[in-house]
Amino acid sequence: MTTPAHQLAATRLFLTEGDVDDLIELAKALPPGARVIDIGAGAGTTALAIMQTRKDVYVWTIDPSADALNWTQKALENYGIDLPTYWHRWDVTAEKAAEMFEEAEPVDLLLHDGDHSREQVEADLRAWLPKLKPFHSRIWVHDAMPMPGAAETYPGVGEALDVLAPEGLVGYLSAPKGIGWIGLA
């Protein structure tokens, strides 16, 4: 099935078709009124995949780049998402956003496709993990595996997960269709 998020992924080439499929499956499993943190705006494909699937979830997209957030906003507007109600943009770092996040309910899904260095992935996840529902929240971390045929790889992403897993902070959940890592907080 081709969705608007699949189409955006095919034109922007930030996510694979399998990544979008994984995000759609994660969205389907969310409880009503779920809270989703989306670190790294990109072209808006990640937020769009979640919000096209579930109209009742709240998404906070975090990226220090106003341009990237503008792309996400445009993608969501083009799809008809009720932006002021269900989508929020924060043009700060993921760590700063975690400090600012004061929702009464914990986060249900954490999506990470921001800075790909080991240090920053680890710092971002450490900042947000306390805000997740223990043993119930899902985590998706993009670029944990190399994209077939891509010249650029991001070993820091997997290295950060390798640091956090032995500490019991994240656990592997399922085999992804894309190049992301799907885990459980």
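Axes here are lines fitted to C-alpha atoms, for helices over the stretch in contact. With that in hand, this predicted model offers a helix pair to start from. Helix H7 covers residues 118–128 and helix H8 covers residues 155–164, and their axes come within 7 Å of each other. The two axes cross at roughly 45°, which means that H7 is oblique to H8. As for the hand of the crossing between H7 and H8, it is right-handed.

The contact itself draws on residues from both helices. H7 brings in Arg118, Val121, Glu122, Leu125 and Arg126, while H8 supplies Gly156, Val157, Glu159, Ala160, Leu161, Val163 and Leu164. Sorted by character, the residues of this contact of H7 with H8 come out as seven nonpolar, one polar and four charged.

Charged residues turn up again in the salt bridges. Side chains of opposite charge can pair when their charged atoms come close. The count for this model comes to nine salt bridges. Some of the residues at the H7–H8 contact reappear here: Arg118, Glu122 and Arg126, all listed for H7 in that contact, belong to a network of salt bridges that also takes in Glu119 and Glu167.

Another salt bridge stays within a single helix. Glu25 pairs with Lys28, and the closest N and O atoms are 3.5 Å apart. Both residues sit in helix H2, which spans residues 17–28. Glu25 and Lys28 are three residues apart, or about one turn of the helix. Glu25 has a relative accessibility of 40%, so it counts as partly exposed. Lys28 has a relative accessible area of 51% and is therefore exposed, the cut-off for exposed being over 50%.

Asp108 is a busier spot, with salt bridges to both Arg35 and Lys133. In the pair with Arg35, the closest N and O atoms are 3.3 Å apart. That pair ties together distant parts of the chain: Arg35 belongs to strand S1 (residues 35–39), whereas Asp108 is in the loop between helix H6 (94–100) and strand S4 (109–112), 73 residues apart. Arg35 counts as buried because its relative accessibility is 11%. Asp108 is buried too, with a relative accessible area of 5%.

In the pair of Lys133 with Asp108, the closest N and O atoms are 2.7 Å apart. This pair also links distant parts of the chain, with Lys133 in the loop between H7 and strand S5 (138–141) and Asp108 in the loop between H6 and S4, 25 residues apart. Lys133 is partly exposed, at a relative accessible area of 24%.

The backbone has a couple of curiosities as well. Phe135 has a phi near 65°, a positive value in a residue other than glycine. Phe135 is found in the loop between H7 and S5, and its relative accessible area of 66% makes it exposed. Asp143 is not a glycine either, yet its phi is positive, at about 65°. Asp143 lies in the loop between S5 and H8, and with a relative accessible area of 10% it is buried.

One last residue brings the picture back to H8. Asp162 has its place in that helix and counts as exposed, at 56% relative accessibility. Asp162 and Gly42 are 120 residues apart along the chain, and their C-alpha atoms are separated by 25 Å.

Methods: Residues are numbered from 1 along each chain as its sequence is written. This is a predicted model: local features need pLDDT of at least 70, side-chain atom pairs count only at pLDDT 80 or more; totals for chains, interfaces and linings use all residues. Side-chain values use heavy atoms; hydrogens and water are left out. Axes are lines fitted to C-alpha atoms, for helices over the stretch in contact, and angles run from 0 to 180 degrees between N-to-C directions. Helices (H or I, at least four residues) and strands (E, at least two) are DSSP runs, numbered from the N terminus. Angles under 35 degrees count as roughly parallel, over 145 as roughly antiparallel, 65 to 115 as roughly perpendicular and the rest as oblique. A crossing is left-handed if the near helix is turned anticlockwise from the far one by less than a right angle, and right-handed if clockwise. Contact means heavy atoms within 4.5 Å. Ala, Val, Leu, Ile, Met, Phe, Trp, Tyr, Cys and Pro count as nonpolar, Asp, Glu, Lys and Arg as charged, and the others, Gly among them, as polar. A salt bridge is a side-chain nitrogen of Lys or Arg within 4 Å of a carboxyl oxygen of Asp or Glu. Buried means under 20% relative accessible area, exposed over 50%, partly exposed in between (1.4 Å probe, protein chains only).
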